[in-house]
Amino acid sequence: ATTFCQGGSVTLTASVNTSYLWSTGATTQSINVTTSGSYTVTVTNGNGCIAISSATTVTVNPLPTATITPSGATTFCQGGSVTLTASANTTYLWSTGATTQTINVTTSGSYTVTVTNGNGCTAISLATSVTVNPLPTATITPSGATTFCQGGSVILTASANTSYLWSTGATTQAIN
């Protein structure tokens with residue numbers, strides 16, 4: 001075919017003769033074409049007679065732009081999400097199997113999208129990595145009985161984490 005997507009090519013071949021001169025300057029019987037344009041060949045036979053071919057038009061359609069734009073941070077805590085949006089094109093195929101322009105992501109992974117433009121040319125985006133961090137474990141361990149007489153006390157200790165905020169406003173791992 002003489003119409004194809006960027007990155008493709010077509011071989012144009014002249015009829016068998018003694019010599020060839022293509023509009024590109026090539027002097028071989030065949031040329032490999034990768035750019036749009038109008039191509040002709042001048043041929044000479046064994047008797048020295050010359051003929052010029054009619055023009056062959058080659059159309060090279062551009063590839064679409066394949067990018068992913070996240071709606072926010074791509075690293076977040078479990079329970080959160082991020083929307084990934086592909087650049088505007090005609091069709092979409094995400095690595096998840098989704099075929100919409102946007103997807104909502106709630107799990108860790110590497111996401112790509114294959115887009116197709118109106119000319120039928122396709123491109124694959126670079127991967128967008130999403131990291132979903134697990135929630136911490138929040139438990140309280142009492143040092144003794146949690147029912148006691150006035151004047152008594154119990155120490156409440158939270159499970160080991162990075163920071164703490166008790167319902168009392170305290171910010172230490174343990175409260176009395």
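User: Contact means heavy atoms within 4.5 Å. Which residues does Trp94 touch, leaving out those up to four places away in sequence?
Analyst: This is a predicted model, where local features need pLDDT of at least 70, side-chain atom pairs count only at pLDDT 80 or more, and totals for chains, interfaces and linings use all residues. Residues are numbered from 1 along each chain as its sequence is written, and side-chain values use heavy atoms, without hydrogens and water. With close sequence neighbours set aside, Trp94 touches Ile68, Leu84, Thr85, Ala86, Thr100, Gln101, Thr102, Ile103, Thr112 and Val113.

User: Which strand gives the largest share of the largest nonpolar core?
Analyst: A nonpolar core joins buried (under 20% relative accessible area, 1.4 Å probe, protein chains only) Ala, Val, Leu, Ile, Met, Phe, Trp, Tyr and Cys residues through side-chain atoms within 4.5 Å. This core has 16 residues, and Leu84, Trp94, Val105, Val113, Val115 and Val130 touch the most other members. Strands (DSSP E runs of at least two residues, numbered from the N terminus) E11, E12, E13, E15 and E17 each supply at least two residues. The largest share, three residues, comes from E11.

User: Why is one side of E1 and of E5 left without a neighbour in the sheet?
Analyst: Here three strands form an open, mixed sheet in the order E1-E8-E5. E1 (3-5) and E5 (37-39) are at its edges, so one side of each lacks a neighbour, as each has a single partner strand.

User: In E19, which residue is the bridge partner of Ile140?
Analyst: Another open sheet has the order E18-E19-E20, with antiparallel pairing (at least two DSSP bridges between strands). E18 and E19 (residues 156-158) are joined by three bridges. In E19, the partner of Ile140 is Ala158.

Terms used:
Helices (H or I, at least four residues) and strands (E, at least two) are DSSP runs, numbered from the N terminus. Buried means under 20% relative accessible area, exposed over 50%, partly exposed in between (1.4 Å probe, protein chains only).
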